[in-house]
Amino acid sequence: TYVTYDIDGLDPTQAPGTAVLEPGGFSMRDSQVILRGMTGLNVVGGDVSEVSPPLDVGTITVTNAANLLFEILCLMAAAR
């Protein structure tokens, strides 16, 4: 399984540094629960897309994107 997370799916308060904001999107906690729920899948890779550093005032988006990548790496480690 390859996991890709589009940062546009997060609520704008959680990810303002993206070109397409999604009001009412997922919270970071929701995203972590969803990814952690994938434990047991044979995850071989993953990525986070749509982060735009020039739009990311305060580095909120890149911090959350890094955490989502960490969660994906944990899935990969659990699959081994």
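How many helices and strands are there in the protein chain? In this predicted model, the count comes to 2 helices and 2 strands. Read from the N terminus on, the elements are ordered β-α-β-α. The radius of gyration is 12 Å, close to the 12 Å that the globule rule gives for 80 residues, so the chain is as compact as a globular protein of that length. Along the principal axes, the C-alpha atoms fill a box of roughly 35 × 20 × 15 Å.

A few whole-chain numbers help set the scene. Buried residues account for 31% of the 80 residues. Among contacts with a separation of 6 or more, 68% link residues 24 or more positions apart. As for the surface, about 4,600 Å² of the protein chain is accessible, and carbon and sulfur atoms own 62% of that area.

Now to the helix pair. Helix α1 covers residues 28-36, while helix α2 takes in residues 60-78. Their axes sit 10 Å apart, and the two helices pack at an angle of about 15°. Angles under 35 degrees count as roughly parallel, and α1 and α2 are therefore roughly parallel to each other. Their crossing is right-handed. On the α1 side, the contact is made by Met28, Ser31, Gln32, Leu35 and Arg36; α2 brings Asn64, Asn67, Leu68, Glu71, Ile72 and Leu75 to it.

Ser31 deserves a second look, being one of the α1 residues in that helix-helix contact. Is Ser31 buried or exposed? With a relative accessible area of 1%, Ser31 falls under the 20% cut-off and so is buried. Setting aside residues up to four places away in sequence, Ser31 touches Tyr5, Leu10, Phe26 and Leu68. Of these, Leu68 also appears on the α2 side of the helix pairing.

Over in strand β2 (residues 45-49) lies Asp47. Its relative accessibility is 23%, so Asp47 counts as partly exposed. Which residues is Asp47 in contact with, once its neighbours within four places in sequence are left aside? The list runs Tyr2, Val3, Thr4, Tyr5, Leu69 and Ile72. Tyr5 is a contact of Asp47 and is also touched by Ser31. Ile72, another partner of Asp47, belongs to the α2 set that meets α1. Thr63 is 16 residues from Asp47 along the chain, and the C-alpha atoms of the two are separated by 14 Å.

Terms used. Residues numbered from 1 in each chain as written. Predicted model: local features only at pLDDT ≥ 70, side-chain atom pairs only at ≥ 80, totals over all residues. Heavy atoms only, no water. Helix = DSSP H or I, 4+ residues; strand = E, 2+ residues; numbered from the N terminus. Rg over C-alpha atoms; globule rule 2.2 N^0.38 Å. Buried < 20%, exposed > 50% of the residue type's maximum accessible area, 1.4 Å probe, protein only. Contact = heavy atoms within 4.5 Å. Areas by Shrake-Rupley, 256 points an atom, 1.4 Å probe, with all protein chains shown as cover. Axes fitted to C-alpha atoms, helices over the stretch in contact; angles between N-to-C directions. Parallel < 35°, antiparallel > 145°, perpendicular 65-115°, else oblique. Left-handed = near helix turned anticlockwise from the far one by under 90°.
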